[in-house]
Amino acid sequence: MSDCKGIYQKLGGNQQCYSSEKSASEQGKTFVINSKKHPRVCRIKLDKCLIPEVPHQKQCDYLFVKVRENDELEYLFVELKGNAKEASYAFEQICQAIEFIKKKVGQIPQKHIRGFIVGGKDTQEMNRLKEKFKRSIGLELKHSTGSRYEF
């Protein structure tokens, strides 16, 4: 949890939400970070862990915080879709999680925010949401229709 220590100090919450694991799996979907390309990573479970269950509060499943060589932080918000819920719902989950984290850490440069949706259908709506994300929220929103995504 060495790379998580500073992040935990910023975000707080339950220490059990934090891990140095470089992958997350739920509902038959998996997100994996390549350890060789990204050796310093902290995984944070958001859904019903760091972000409590509150009516009307949507949140994605995980946040991976990547520590760059220059010690800058990059925030990877991950939603693992176990079913074919609408793209807009997954998009909202990621967006609300980003806002929650920004309230804790302050402003995050747009170039340091990425979103990932693993599972679900690739639709015109998904393409529209990717453009919206890139235009006003973060660097990019990636989507995999398969059961696994490797970054």
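Hi everyone, this is a short tour of the sheet, its helices and the cysteines in this structure. Please keep in mind that the model is predicted.

Let's start with the sheet. Six strands make up an open sheet with mixed pairing, in the order S1-S4-S5-S6-S7-S8. At the edges sit S1 (18-19) and S8 (140-144), each pairing on one side only. Helix H2, residues 87-105, packs on this sheet and touches S5, S6, S7 and S8; its direction makes about 145° with that of S6. Helix H3, residues 124-136, lies across S7 and S8, at about 155° to S8.

Now look at S4 and S5, which pair in the antiparallel sense over five bridges. Cys-42 stands opposite Val-65 in S5, and that brings us to the disulfides.

How many disulfides are there? The count comes to two. Cys-4 is joined to Cys-42, with an S to S distance of 2.1 Å, and this link is right-handed, with 115° about the S-S bond. Cys-4 lies in the segment before helix H1 and Cys-42 in strand S4, so the pair ties together parts 38 residues apart in sequence. Cys-4 is buried at 0% relative accessibility, and Cys-42 is buried at 0% too.

The other disulfide joins Cys-17 to Cys-49 at 2.0 Å. Its torsion is about -100°, so this one is left-handed. Here Cys-17 is buried at 3%, while Cys-49 is partly exposed at 27%. In sequence order, the bonded cysteines pair 1-3, 2-4.

And which cysteine sulfur is nearest to that of Cys-60? That of Cys-95, 9.5 Å away, and Cys-60 is in no disulfide. Cys-95 is in no disulfide either. Thanks, everyone!

Terms used. Residues are numbered from 1 along each chain as its sequence is written. This is a predicted model: local features need pLDDT of at least 70, side-chain atom pairs count only at pLDDT 80 or more; totals for chains, interfaces and linings use all residues. Side-chain values use heavy atoms; hydrogens and water are left out. Two strands pair if DSSP finds at least two bridges between them. Helices (H or I, at least four residues) and strands (E, at least two) are DSSP runs, numbered from the N terminus. Contact means heavy atoms within 4.5 Å. Axes are lines fitted to C-alpha atoms, for helices over the stretch in contact, and angles run from 0 to 180 degrees between N-to-C directions. A disulfide is a pair of cysteine sulfur atoms within 2.5 Å. Buried means under 20% relative accessible area, exposed over 50%, partly exposed in between (1.4 Å probe, protein chains only).
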